[in-house]
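Grab a pencil and have a look at the model below. Each exercise comes with a worked solution.

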Amino acid sequence: MKHFPIFLDIKDRHCLVIGGGPVATRKVKNLLKSNAKVTVISPEVETSLNQLSEENKITLINRKYQATDIVRAFLVVAATNDSQVNADIAKAANDANLLVNVADNPELGSYIFPSVIDRAPVSIAVSTGGASPVLARLLRARLETMIPTSCGRLAGITEEYRQKVKDAFPKQSQRKEFWETALKGAFAELVYAGQDKAARKLLDEALDNHRSHANGEVYLVGAGPGDPDLLTFKAARLMQQADVMVYDRLVSKAILDMANKDAERFYVGKEKENHAVPQDKINDLLVDLAKQGKRVLRLKGGDPFIFGRGGEEIEKLAENNIPFQVVPAVTAASGCSAYAGIPLTHRDYSQSVTFATGHLKDGTINLNWKQLTQKNHTIVFYMGLTGIKVISEQLQAHGMSGDMPAALVEQGTTMNQRVHIGTVATLPQLVIDSGVRAPTLTIIGEVVKLHDKLHWYEPERHVKEQSEFTRHKT
Ligand code: SAH
């Protein structure tokens with residue numbers, strides 16, 4: 001390791017920045033974040049440095065650097081636009097045993113500035129030892145997405161409770177276990193969800209009971225329509241920390257591959273009229289697993305609250321006092337619409353949109369057909385394939401022109417996406433001719449015309465035989 005990483009407490013310490021351009025300004029602002037006493041020496045400075053000086057936040061000395069400037073500073077930054085001057089500063093500072101950073105030639109200095117992820121009081125510093133600042137920035141960006149912004153609040157609340165936990169658990173090993181369970185489980189999740197009060201209550205209860213908190217919980221998580229890049233950060237994080245996964249047929253394989261490899265997996269996929277596991281059994285399973293103290297990830301295709309029966313599942317959890325949270329996701333309608341180049345609304349064609357189920361109940365679909373056939377309107381049918389004939393007939397019977405454009409989006413957003421275009425009248429035949437298979441979304445309305453012009457997503461690895469989704473075996 002070329003550089004030795006440490007975190008310095010520079011509060012009220014004298015930090016000297018020589019130079020007044022953009023680089024120096026950036027360093028000054030960073031130093032101020034940690035409450036340093038900053039002095040800037042430069043004949044000319046950026047406007048923002050002048051402003052900081054007027055606000056008495058820094059001391060500004062408007063002249064060139066002089067050899068006698070290097071006195072009693074805690075650390076020095078050489079950031080002038082003259083590399084000879086920077087080298088002189090470095091020499092003087094090194095001779096005086098002061099920490100010095102040289103902006104344009106890090107080798108001459110004794111420290112470098114890392115890329116920082118700031119979640120005060122948590123901070124993470126990334127350095128490539130000067131080898132590639134761009135790589136450091138990219139790594140930082142990746143970490144930014146993985147570490148919830150509320151991580152700082154989590155650290156803050158944890159600090160509040162340190163003494164209390166120490167009092168309750170005299171042994172270091174007990175405390176370690178307590179915190180590990182809390183920080184990997186419901187306590188941390190409540191803080192991330194902004195429910196600090198409930199999080200504190202949970203810790204208080206756990207402490208009252210003099211035991212580490214080991215209750216299970218359920219995350220009802222939407223997995224989006226198929227493309228793993230459409231997962232939310234929250235979904236990706238919970239997928240990593242779950243002990244058990246209970247998932248549907250509509251969760252794509254690419255997404256399942258991203259989940260914690262060690263998590264126990266329960267497949268409860270459903271296909272119409274052919275329930276692999278009946279809904280009430282799924283509800284019971286979630287309760288049982290959580291009662292065993294497990295963190296249960298209930299992963300559902302699309303958004304859990306859009307034709308996902310998510311509501312029923314958490315009702316049962318609520319009745320059993322099991323903590324849960326719901327993570328929304330890109331629903332099939334938005335995913336398919338975007339990837340098929342069919343905007344659901346458009347100033348010229350459609351001012352409203354309805355998401356409807358085409359699922360036949362006793363061979364009929366109970367929908368307000370009159371309302372659906374209004375002008376300038378888009379209809380999106382979920383689960384519409386088997387009912388497609390009824391849908392086509394009813395829409396026409398209620399005044400929709402048979403020429404109204406319609407699209408079938410099959411396995412939307414995945415590498416197997418196919419889009420089939422027809423009209424309301426031709427839909428039933430289109431389903432037969434195209435050999436389209438579930439999951440498929442039906443979009444009806446003038447907006448479908450835009451597909452020709454706006455489609456951009458044509459996956460090359462088009463494998464019709466293999467589905468991106470798990471097929472139900474029985
Ligand atoms: N909760 C899900 C919908 C579940 S209902 C969501 O918000 O998307 C199941 C129906 O969703 C399927 O019959 C199909 O119409 C649609 N669907 C889900 N994923 C899809 C995909 N990748 N491509 C096309 N349609 C999809």
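Here are three short exercises on this model.

This is a predicted model, where local features need pLDDT of at least 70, side-chain atom pairs count only at pLDDT 80 or more, and totals for chains, interfaces and linings use all residues. Residues are numbered from 1 along each chain as its sequence is written, and side-chain values use heavy atoms, leaving out hydrogens and water.

**Exercise 1.** Find the domains and say how far apart the centres of domain 1 and domain 2 lie.

*Solution.* Start with the bounds, which come from an automatic or database domain assignment: domain 1 is 14-113, domain 2 is 151-327 and domain 3 is 333-454. Then take the C-alpha centres of domain 1 and domain 2: they are 48 Å apart.

**Exercise 2.** Decide whether F4 is buried or exposed.

*Solution.* First locate F4: it sits in the segment before strand 1 (14-18). Strands are DSSP runs of E with at least two residues, and helices are runs of H or I with at least four, numbered from the N terminus. Next, check the cut-offs: buried is under 20% relative accessible area, exposed over 50%, partly exposed in between (1.4 Å probe, protein chains only). F4 has 67% relative accessibility, so it counts as exposed.

**Exercise 3.** Work out which protein atoms meet oxygen atoms of the ligand.

*Solution.* Begin with T331, which has a polar side-chain atom 2.6 Å from a ligand oxygen. Move on to A332, with a backbone N or O atom 2.8 Å from a ligand oxygen. Finish at M383, where a polar backbone atom is 2.9 Å from an oxygen of the ligand.

Key:
A polar contact is a pair of N or O atoms within 3.5 Å; within protein, one must be able to donate a hydrogen and the other to accept it, and residues adjacent in sequence count only if both atoms are side-chain atoms.
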